[in-house]
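User: I am new to this structure and would like to understand the reasoning behind the labels given to its parts. Could you take me through some of them?

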Amino acid sequence: FQSSQNLSEERNFIFLSNKIEPSSSLETAPLFHELKKELTRKKFLGPNFTESYCWPSVARGCDVVAISYQGNDPFVYIPPLLTLLQLEGCYKAFTNKSGVCIYWTLILCPGWKKAQLVFELLKTYERCSRQFHPMLIILGQDKAAASSVKIQGCEVIVTTPYSFLRLFEHHNLFRRLCHLVLDEMEVLFSDAAEQVFTILDCYKKASDSEEWEYSPQQIVAVGTRWNKHIAHLIKEFMNDPYVVITAMEEASIYGNVQQVVQPCVKSERISVLLKILDFTHSNPQKVLVFTNSVNEADVIHEALKSNSIFSLKIHEESNSKYILEQWTKKYNSGSPVLLVSTDDSMQSLGITDATCVIHFSFPSPRIFGQRLHSMSDNFCNVSKSLTDQEHTKARSVILLTENSDCDALEILRFLQHAEAEIPPELHDFTAKMLEAEEDKKFSRPLCAYLKTFGICKNRTACPDRHQINMQMDIPQNIPDKILQAPGYVTILPLHIVSATNYFGRIVDKQKDQYTILAEEINKYFENPSNKISVKNVKTLAFYGLHERRLFHRVQVLEIYPKEEENLLFSVKIKYIDEGRTSQVQSCQLLHLPARFQCLPPQAVEFVVCRVKPIDEEIEWNPEVTHYIHHKIKGKLHEAKIVHTLGNTAWVDQMVCVTRLSELKITANEYNVRSEILATGLGTDNPEHITQLQKLCGHLKLLDHRGNLESL
């Protein structure tokens, strides 16, 4: 481990499996000249702390594993990778008779959205380098699409594990693969471990062949968190990799630190501490006891002294040089050594060789990493053989008391991540805290992922609620007769959010109130004297707006501050009968007579049930959304409402019906769900409605057959 200063002069800790000389500035970074000029022109502020260590090792062509809080940023690897690809001499032997390069680089991303970002960055910085013709390849389940992909001349492919394996069925690419990048590796291993290891196995077999014995071969894996599969990646597929970890908690998991949680009553912590300190001369230890106050450090020190346990003590007023000498001297004599310290005092000592850390006071997540750093010399190095390293297993002991709940949730998540044994007491703490966290979101909108797919994969990080709020979720803008007599209704999608989420109106075939109102509004504003601009705009008030020969009812959601030297100001509005939002100038708003405000807002959110994106994606690919947008916008559809909550109606089925007037019959033109599945980018989601039913509990809802049921 090394400690260093970053650009903001904050102290950083880093684990390095091999010694690396960091790049302290862009000038000294191992990047080619044109790229440095381009980064300077774009006012790039890096390299940051993580990049300063990653760039040199990637640029040398070494295998690299990097885990950092910034590990989801592609700039951890893109600049040095581009620099490496400029060295055409390294690849001269890998060109065909026409001189075209036949090697290439594969960047695997956890989803289409990240792949799009990486591809755009490559295209941006390709302008200052030689042309390597990057390709973004996202394939659905349509085999014809995979077989038609042409990759000749391409040197960098950006894709996902699922898409690449579909491509591999039609193109044997591994014999040409030199550089393999795993972007956000912890997500890749969490969502697509089988696919990633299939790719790694094929890459290893190809690179072991005589034909590619002397070819450049490199695996770069970057991410924000440790994953148990990374150890297998390092041992089986990498060659003496450079492991760079700047997140100390993640380094402790990599280093196989034993995490122990010891529940106890706060008043009994001293006696519990004495039991933990079971020293033997055959196994001398270097133990640090951490607390967050000077008074508590004094109490611990005196208690140890009264129990005939020699200990050192340090806080802000202590002689750190003497303490450090005693720490080293005692241990070298074969005796155990114990140091009681406050968090503020430890950084000045720079201790990294402790064998055990005891958290007498419960740590915050930030302090927790600092404390673990003091054992970093005893972290196991996964990239080295155990026979090549002297290894004393480091241990971290947390004293969990009744007052530890302030940071218990974060610590529990870490312990689960570290696969530590979790005591029931901590589960009880965090269950209450999770419930309290969810209650804080009670006035937030219902989670979009719950609505769209039936589940939210990351509830703790999601800002929206995941439970029913009776006041907010009572049906809105949905006619009572539809709720009372379920069946097919006519809907008009007007604003397409995604492949399965739209805003629009429910249309009454007999006598549609909005159609009548819209005609009256447009007739009213045909008279120029009625177009009265609003002088005093108010938030949440309703106004008229002229747009493309039509007049709309709008509601002001937000008023933006007036810019300097500008008499006008902008407002954010919602088209209350369509569901879309926009930003307009305040002068465009027209006074809307009260009689045009009597009809409630007509916009309803529609969600098509039982279909979701392929490949564990959580967002729809723009390709399928674009296709559905042009297919359904502004067209009448027959839909069966199966659930309603708030302003949202779930539909299962949604069909476009064509009326053949000459034959006096109707025919189904298409089914929206079937159209999504036919793109190859959607798949069945059979649990969707069941999950909604679980969410709604006792609310009265319509079942999948359209029958009213009480759950």
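Analyst: What follows goes through several labels in turn, and the model they describe is a predicted one.

User: Why is the contact between Glu38 and Arg41 called a salt bridge?

Analyst: The label requires a side-chain nitrogen of Lys or Arg within 4 Å of a carboxyl oxygen of Asp or Glu, and the N to O distance between Glu38 and Arg41 is 2.8 Å, so the pair meets the rule. Both residues belong to helix α1 (residues 33-41), where they are 3 residues apart, about one turn of the helix.

User: What makes Glu38 buried or exposed, and what about Arg41?

Analyst: Buried means under 20% relative accessible area and exposed means over 50%. Glu38 has 15% and is therefore buried, whereas Arg41, at 57%, counts as exposed.

User: How do you know that Glu638 and Arg659 form a salt bridge?

Analyst: Their closest N and O atoms are 3.9 Å apart, and because the cut-off is 4 Å, the pair qualifies. Glu638 lies in strand β25 (residues 637-645) and Arg659 in strand β26, so this salt bridge ties together parts that are 21 residues apart in sequence. Glu638 is buried at 11% relative accessibility, while Arg659 is exposed at 52%.

User: Why is Lys313 called partly exposed?

Analyst: Its relative accessible area is 25%, which lies between the 20% and 50% limits, and therefore the middle label applies. Asp298, with which Lys313 forms a salt bridge, is partly exposed as well, at 26%.

User: Which label does each of Cys202 and Cys264 receive, and how many disulfides does the structure hold?

Analyst: Cys202 has 22% relative accessibility and counts as partly exposed, whereas Cys264, at 13%, falls under the 20% limit and is therefore buried. The structure holds 0 disulfides, which means that no pair of cysteine sulfur atoms lies within 2.5 Å.

User: What makes Leu660 eligible for a nonpolar surface patch?

Analyst: Patch residues need over 30% relative accessible area, and Leu660 has 35%, so this residue passes that limit while still counting as partly exposed. Leu660 is found in strand β26 (residues 648-660), and together with Leu663 and Ile665 this leucine makes a patch of about 280 Å².

User: What does the protein look like as a whole, in helices and strands and in its share of buried residues?

Analyst: The protein has 23 helices and 30 strands, and buried residues make up 54% of its 711 residues.

Notes
Residues numbered from 1 in each chain as written. Predicted model: local features only at pLDDT ≥ 70, side-chain atom pairs only at ≥ 80, totals over all residues. Heavy atoms only, no water. Buried < 20%, exposed > 50% of the residue type's maximum accessible area, 1.4 Å probe, protein only. Patch = residues over 30% accessible without salt bridge, like charges linked within 9 Å, V, L, I, M, F, W, Y side chains within 5 Å. Areas by Shrake-Rupley, 256 points an atom, 1.4 Å probe, with all protein chains shown as cover. Helix = DSSP H or I, 4+ residues; strand = E, 2+ residues; numbered from the N terminus.
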